[in-house]
Amino acid sequence: RQQLRGLQRFWAKGWAEAARWALTHDTGLDLAQAWADTAVQQAETFPNLRLKAAVLQRRGDAQAAAAVERRALEVATENDINNFGYALLNAGKVDEAVAMFRRNVRDYPRSWNVYDSLGEALARKGVKKEAQANYRKALEMVQDERQKARIRAVLAGLT
């Protein structure tokens with residue numbers, strides 16, 4: 001609270017950090033809600049909206065949390081969805097990660113990275129042929145030689 005009286009109050013990041021701290025420590029959820037609301041008012045971004053949704057969920061308001069989650073997906077960038085997909089993948093939520101990566105492919109079909117990420121999730125799921133197809137698509141599009149070499153190596157491992 002004291003830190004939010006200083007310069008931090010002028011940026012969404014400070015409010016979001018305070019809300020995340022309260023949420024993580026499961027304390028002061030009323031304040032966490034107010035802080036998350038302020039962060040969203042200052043910057044309606046995917047991370048801030050996801051944080052607000054998490055606070056709402058923790059407070060038992062699943063309906064409002066779902067509405068905020070939907071809004072988060074509306075404002076999400078390619079990078080936001082990719083990072084979220086990897087967070088899901090790392091949490092063992094492979095099907096949900098695949099769904100996020102598929103969304104990214106649909107929304108950003110000119111990005112090699114979305115095909116690469118979808119390929120990785122599909123490989124983790126054990127769907128080799130579809131994983132290979134996505135990696136090949138990424139390989140066709142990518143310009144960076146290091147990435148090309150990495151993708152070729154992944155493809156060789158999937159055969």
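# Exercises on a predicted helical model

At 13% relative accessibility, Q132 counts as buried, and this value, like the others below, comes from a predicted model.

**Exercise 1. Determine where Q132 is placed, whether Q132 is buried or exposed, and which residues it contacts.**

Step one is to place the residue in the chain: Q132 belongs to helix 8. Step two is to compare its accessibility with the cut-off: buried means under 20% relative accessible area, and Q132 is counted as buried because its value is 13%. Step three is to list its contacts, and once neighbours within four places in sequence are left aside, Q132 is in contact with L155, L158 and T159.

**Exercise 2. Classify A123 by its accessibility, and describe its surroundings.**

Begin with the element, which for A123 is helix 7. The relative accessibility of A123 is 27%, so the residue counts as partly exposed, given that this class lies between under 20% for buried and over 50% for exposed. Not counting residues up to four places away in sequence, A123 touches A131 and L158. A distance completes the description: N134 is eleven residues from A123 along the chain, and the C-alpha atoms of the two are separated by 10.0 Å.

**Exercise 3. Locate D144, and state which backbone nitrogen lies 2.9 Å from a polar atom of its side chain.**

The first step is to find the residue between its flanking elements: D144 sits in the loop between helix 8 (128–141) and helix 9 (145–158). The second step concerns accessibility, where a relative accessible area of 33% means that D144 is partly exposed. The last step gives the partner, since the nitrogen in question is that of Q147, at 2.9 Å from a polar atom of the D144 side chain.

**Exercise 4. Describe the chain as a whole by its secondary structure, its span and its buried share.**

Counting elements gives nine helices and zero strands, and the order from the N terminus on is α-α-α-α-α-α-α-α-α. The C-alpha trace spans about 55 × 30 × 25 Å along its principal axes. Of the 159 residues, 40% count as buried. Finally, among contacts with a separation of 6 or more, 45% are between residues 24 or more positions apart.

**Exercise 5. Work out which residues touch the most other members of the largest nonpolar core, and which helix gives the most to it.**

This core has 32 residues, and those touching the most other members are F46, L89, V98, F101, L118 and I151. Two or more residues come from each of helix 3, helix 4 (62–75), helix 5, helix 6 (94–107), helix 7 (112–125), helix 8 and helix 9. Helix 6 gives the most, with six residues. To follow one member further, take I151, which is in contact with W112, D116, Y135, A138, L139 and V142 when neighbours within four places in sequence are left aside. A second, separate core has 14 residues, including A12, W15, A18 and W35.

**Exercise 6. Characterise the largest pocket by its volume, its lining and the helices that supply that lining.**

Start with the volume, which is about 270 Å³. Next comes the lining of 13 residues, of which F46, P47, R50, L51 and F84 lie nearest the centre of the pocket. Sorting the lining by residue type gives seven nonpolar, two polar and four charged residues. The remaining step assigns residues to elements: helix 1 (12–24), helix 3 (46–58) and helix 5 (78–90) each supply at least two residues of the lining. One residue links this exercise to the previous one, as F46 lies among those nearest the pocket centre and also among those with the most contacts to other members of the largest nonpolar core.

Key
Residues are numbered from 1 along each chain as its sequence is written. This is a predicted model: local features need pLDDT of at least 70, side-chain atom pairs count only at pLDDT 80 or more; totals for chains, interfaces and linings use all residues. Side-chain values use heavy atoms; hydrogens and water are left out. On a 1 Å grid over the protein atoms alone, a cavity is a set of points where a 1.4 Å probe fits but cannot get out, and a pocket is an open set with protein on both sides within 12 Å along at least five of seven lines; lining residues have an atom within 4 Å of a point. Grid points are joined across faces, edges and corners, and a volume is the space filled by probe spheres set on the points. Helices (H or I, at least four residues) and strands (E, at least two) are DSSP runs, numbered from the N terminus. Ala, Val, Leu, Ile, Met, Phe, Trp, Tyr, Cys and Pro count as nonpolar, Asp, Glu, Lys and Arg as charged, and the others, Gly among them, as polar. Buried means under 20% relative accessible area, exposed over 50%, partly exposed in between (1.4 Å probe, protein chains only). A polar contact is a pair of N or O atoms within 3.5 Å; within protein, one must be able to donate a hydrogen and the other to accept it, and residues adjacent in sequence count only if both atoms are side-chain atoms. A nonpolar core is a set of buried Ala, Val, Leu, Ile, Met, Phe, Trp, Tyr and Cys residues joined through side-chain atoms within 4.5 Å. Contact means heavy atoms within 4.5 Å.
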